[in-house]
Amino acid sequence: MATTNLIDLVVETTKNAYVPYSHFPVGAVLVAKNGQVFTGVNIENASFGLTNCAERTAIFKAVSEGILDFEELIIYGETQKPISPCGACRQVMAEFFDKDLPVTLVAKDKSTVVMTVGELLPYTFTDLT
Ligand code: THU
């Protein structure tokens, strides 16, 4: 599960968030089974709906490099309680992660909650049959 190093990395990563509209920076660190680490931040746009969340940035970076096997995800926000990922990101997690993959949610004070992908999005839509 998320080590101190990974939590420090997600906090550091969050400095790159592009958030001129919400001023709400979010960071994500995605660890692949092969040991590769992908960072992500939220990237906003003047056309608000085009905003990409931090988690999806990290996932899309990994997938676009051909990496599909993952170990864990860490998400950080400057929130009082550990950040709660949005519904769209939960659906994207369900697409690429096993149900039991641990997601560590980190608050501003670095307190954490660990939930699995299955807990974050139960009774998931996963295929078209
Ligand atoms: N945001 C994320 O990056 N991840 C989440 O799970 C929640 C929301 C971003 C989107 C937007 O840039 C800002 O936080 C406020 O919603």
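This report walks through a ligand site and a set of paired strands in one protein structure. The model is predicted, so please read every value below as computed from it.

**The ligand and E55**

A good place to start is E55, which UniProt lists under "active site" in an unreviewed entry. You will find E55 in helix α2, which covers residues 54–64. E55 counts as buried because its relative accessibility is 4%, and buried means under 20%. Leaving aside residues up to four places away in sequence, E55 touches V26, A28, I75, P85, C86, C89 and M93.

Now bring in the ligand. The residues around the ligand are S22, F24, V26, N42, E44, T51, C53, A54, E55, P85 and C86. E55 is therefore on both lists: it carries the "active site" annotation and it is one of the residues around the ligand. The table gives three distances between oxygen atoms of the ligand and polar atoms of the protein.

| Residue | Protein atom | Distance to a ligand oxygen atom |
|---|---|---|
| N42 | polar side-chain atom | 2.9 Å |
| E55 | N or O atom in the side chain | 2.5 Å |
| C86 | polar backbone atom | 3.1 Å |

Taken alone, the ligand exposes 370 Å², and the protein buries 79% of that area.

**The strands**

Two of the residues that E55 touches, A28 and I75, lead us on to the strands. A28 has I75 as its bridge partner in β3. Strand β1 (residues 26–32) runs antiparallel to β3, and seven bridges join the two.

How much of strand β3 is buried? Seven of the eight residues in β3 (residues 70–77) are buried, so the strand is mostly covered.

β3 also pairs with β4, here in the parallel sense and over four bridges. One pair to look for is I74, whose bridge partner in β4 is T104. Following T104 takes you to the next strand, because T104 also stands opposite V114 in β5.

Strand β4 (residues 102–106) and strand β5 (residues 112–116) run antiparallel and are joined by five bridges. Together β4 and β5 form a hairpin, with five residues between them. In that turn, K110 has a positive phi of about 70°.

**Putting it together**

To retrace the route on the structure, begin at E55 in helix α2 and look for the ligand oxygen atom 2.5 Å from an N or O atom of its side chain. From there, step to I75, which E55 touches, and across to A28, the residue bridged with I75. Then move along β3 to I74 and over to its partner T104 in β4, and finish at V114 in β5, opposite T104.

Note on methods:
Residues numbered from 1 in each chain as written. Predicted model: local features only at pLDDT ≥ 70, side-chain atom pairs only at ≥ 80, totals over all residues. Heavy atoms only, no water. UniProt positions renumbered as here; feature names shortened; annotations may be inferred. Buried < 20%, exposed > 50% of the residue type's maximum accessible area, 1.4 Å probe, protein only. Contact = heavy atoms within 4.5 Å. Near = heavy atom within 4 Å. Polar contact = N/O pair within 3.5 Å; in protein donor to acceptor, adjacent residues only side chain to side chain. Areas by Shrake-Rupley, 256 points an atom, 1.4 Å probe, with all protein chains shown as cover.
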